[in-house]
Amino acid sequence: MFSEDKIKRLEAMDKAHIWHPFTQMKDWMESSPLIITEARDCFIKDIRGRWYLDGVSSLWVNTLGHRRKEINEAICKQLGKVAHTTLLGLANEASIELAGSLAALMDKSFAPFAGPEEKNKRLTRIFYSDNGSTAVEVGLKMAFQYWQHKGRKQKYLFVSLENGYHGDTLGAVSVGGVGIFHEAFKPLLFGTLKAPSPYCYRCGFGLEYPGCGMACTGPLEEFFRTRGDEIAALVLEPMVQAAGGMIFSPPGYLKKVRELCNKYGVLLIADEVATGFGRTGRMFACEHEGVIPDILCLSKGITGGYMPLAVTITNDEVYGAFLGEYEELKTFFHGHSYTGNPLACSAALAVLEIFGKEKIIESLAPKSGLMGERLEQISAYAGVGHAKSLGLMGRIELVADKSSRTPHPWAEKMGWKVALRALEKGLFIRPLGNVLVLMPPLSISTANLERMLDIVHGSICSVFDS
Ligand SMILES: *Cc1c(COP(=O)(O)O)cnc(C)c1O
């Protein structure tokens, strides 16, 4: 147990020195922060000994629960050998093993969708970095330089989507489309072509799915048709635009996008940093529609939420364009200090082993079903405009008026009010504006999943009835 003195000291030091991400520090200074000191399974414990259900998987990274014996042991075992050496000029055991396992996983997940003539579309090449933003930066630079090497120097534009989120470094922000996060940095960003978000509940065309003909793909095709010669790649989050508000694209959208990319010679960069590793009920979200991306970005769940690690995976077609004589300068000039970190790679290897051994993906269906049913019930509630899930990614959009779908004013902090109520009841969630995000660890038990949904339901009711 921590003494009151110790708690006070840590709290004061946090407030004196830590600048928290995506946080208005003025509010933070006036609050009493939860200081986490321990975790187990899908629960986190604060310094006062209170346990909370981790309803957002520690910001979408944790997949198999906290303190998994096998992952802890894998990291310890690697520590006994070497913590870190560079991939610039050297190779290391753990990163080689992981690259092999990931390549095999790519074949398992995507080979069923490849035609026999598409051998060079197999995702075989793993480029390491250490977070989701860098995975995307790497993907953008790869796509850009691929076309340069192919002698198509005018092909350097990127198409991205409204409400897309790809990280916080400037390249990733350039292809982002979340106004409140990205607007302030506009003068610093490179220009991109922004296509509409497939946000059916707030369709920009005023249409209803089904029967809309996916009008949102129209402007995308128009960009490709008129400027295809200038477009290097389309970057999107397949199936779910996560940080932009947990927006689920309608069935067929991703497949259609892939077809358009093929038709107009545009690379498809799939940012599965949030959706990868089982979150949507399949290992990768692209599998839902039988789509193979040209470049795949993965991070968050890759180590089960234990260590920072990311990969950008591509095919032999893209990789091959970078091969040449030394003096041709076709080298991919990109790298990070902690590229291929052995500790992180050993954690990821343990995670992949558990996914296989415990048939994690196969175990998700009943839990996904339960979450879907409960969210459908919750969507009937007066203050809820829309609630839906895919796999264990769920959204509840709170509205001021259900029939007109009028949002609560942003300053009303409606999402936060519900999250605060949930915290009092023992559940930690972090909303996105008026959207409650539910993303528990994949390993959550059915009983704890029910408990999470009960608390969410109860918190919404108590906020709206008070
Ligand atoms: C979180 C996220 C990122 C950024 O990852 P960081 O590790 O926070 O840099 C990129 N893309 C998507 C889809 C994400 O959800």
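Trainee: Which residue takes a positive phi in the hairpin of strand 2 and strand 3?

Mentor: Gly49 does, with a phi near 90°, and the hairpin has 4 residues between its strands. This is a predicted model, in which local features need pLDDT of at least 70 and side-chain atom pairs pLDDT 80 or more, while totals for chains, interfaces and linings use all residues. Residues are numbered from 1 along each chain, and side-chain values use heavy atoms, without hydrogens and water.

Trainee: Why are strand 2 and strand 3 (residues 51-54) said to pair?

Mentor: Pairing requires that DSSP find at least two bridges between two strands, themselves DSSP runs of E with at least two residues. Strand 2 and strand 3 have 3 bridges, in the antiparallel sense; therefore they pair. Within this pairing, Phe43 is the bridge partner of Leu53.

Trainee: What makes strand 3 and strand 16 (residues 427-428) a pair?

Mentor: They share 2 bridges, in the parallel sense, so the requirement of at least two is met. Asp54 bridges to Phe428 in strand 16.

Trainee: Why does Asp271 count as making a polar contact with the ligand?

Mentor: A polar contact is a pair of N or O atoms within 3.5 Å; within protein, donor and acceptor roles are also required, and residues adjacent in sequence count only if both atoms are side-chain atoms. A side-chain N or O atom of Asp271 lies 2.7 Å from a nitrogen atom of the ligand, so the pair qualifies. For Lys300, a polar side-chain atom is 2.6 Å from a ligand oxygen atom.
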